[in-house]
Amino acid sequence: MAHIIVEYTDNLKEQGDIQGLLKKINTVLIAQDGVFPTGGIRSRAIELKDYYIADGEGPDDAFVHVTFKMGGGRSETVKKAASDALFEMIEQHFAHIFEQRPLALSMERYEFGGAGTYKKNRIHDRYG
Amino acid sequence: MAHIIVEYTDNLKEQGDIQGLLKKINTVLIAQDGVFPTGGIRSRAIELKDYYIADGEGPDDAFVHVTFKMGGGRSETVKKAASDALFEMIEQHFAHIFEQRPLALSMERYEFGGAGTYKKNRIHDRYG
Amino acid sequence: MAHIIVEYTDNLKEQGDIQGLLKKINTVLIAQDGVFPTGGIRSRAIELKDYYIADGEGPDDAFVHVTFKMGGGRSETVKKAASDALFEMIEQHFAHIFEQRPLALSMERYEFGGAGTYKKNRIHDRYG
């Protein structure tokens, strides 16, 4: 179970190709040798309309923050490999914007505890 | 203090009765013998408009992800009972959709640490 | 790296001056003697349109929930000072509403683990 939440400021909407980013996120995770079963990967983006960055003095400031959540039980090695690959792709995806304007990219990783995690998923059926 | 966040893909909006789901969530938590004081229960739903599921090959894929956050200090027994009851209700709520289309349901539990948690609540007054 | 997410029910939109609140949040964090570098502070608000509070019997019930996320490595003393200052400001910001109607304010603090946290930020350049 991999959940990826992309928060982005709406001043990136035109240039940011967010839908393309979501597709790349899933592609990166699918490429991790089965560590993240395809049917369990769910990416989404939240468009931020109200935000305040730093001291508010940069009218063109923008940010993207990615939360990468996954079920527990994977080794640090595979988690690090997936996270590195994700962030590298994110940097590349936004590289042309990063060169032009004040942009902040960040990503955090979060692991669900075993207890208290529930799932029931019919999308897996397709990949049986 | 119980906070429940329901993220759902917008292709569930018509069939999903999300407002009904939120009401049921609170009802389930109120029924937990006072473990979650009524005035502290706050459910909300986030409609996801941009998402990418699995390899993107399922045009009708949908998901619901519930984050159940609570203040610390409750026993594992009562936390498990509440979580089990919540997810069972969620499964039932979406059962008719689950049978028809590729749907993934999931829930995670999260406990606030004691330090760094703040609250001030006038809604409790009604239940004094 | 300080990320602040303000969830608020849309029935606070008119009275709540949410954009003003975000500015105050950043101002409070900037005032913490450099504990939170200015260029890394990112506040945003999420307007909640679907929610259910307590037993649903309070047509005018409202809530604000703030998630204060930061990178690891700061001492409990400075984290507590910043959190106390933030919540005190939030209470003041909403005081006039709190007196009038059933409102719940809450804040949680969350610290990113070191591993799995990534960042690349050009906004810092302005404060270099």
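The following exchange concerns the core, the contact between chains A and C, and the symmetry of a predicted model.

User: What conventions apply to this predicted model?
Analyst: Local features need pLDDT of at least 70 and side-chain atom pairs count only at pLDDT 80 or more, while totals for chains, interfaces and linings use all residues. Residues are numbered from 1 along each chain as its sequence is written, and chains are lettered from A and ligands numbered from 1 in the order in which they are written.

User: What makes a set of residues a nonpolar core, and which residues have the most contacts inside the largest one?
Analyst: The term denotes buried Ala, Val, Leu, Ile, Met, Phe, Trp, Tyr and Cys residues joined through C-beta atoms within 7 Å; buried means that 20 or more other C-beta atoms, placed from the backbone, lie within 10 Å of the residue's own. The largest such core has 116 residues, and A:Val6, B:Val6 and C:Val6 have the most contacts inside it.

User: Which strands of chains A and C pair, and in what sense?
Analyst: β3(A) and β2(C), residues 41-48, pair in the antiparallel sense over four bridges. Pairing requires at least two bridges found by DSSP, so the term applies here. Within this pair, A:Tyr51 stands opposite C:Arg44.

User: Why is the relation of chain A to chain C called a three-fold axis?
Analyst: A turn of 120° and a shift of 0.0 Å along the axis lay chain A on chain C with an RMSD of 0.0 Å. That is therefore the relation of a three-fold axis. In chain A, the C-alpha nearest the axis belongs to A:Ile46, 5.4 Å from it. The superposition is by least squares on C-alpha atoms of residues with pLDDT of at least 70 in both copies.

Methods. Buried ≥ 20, exposed ≤ 12 C-beta atoms within 10 Å, placed from the backbone.
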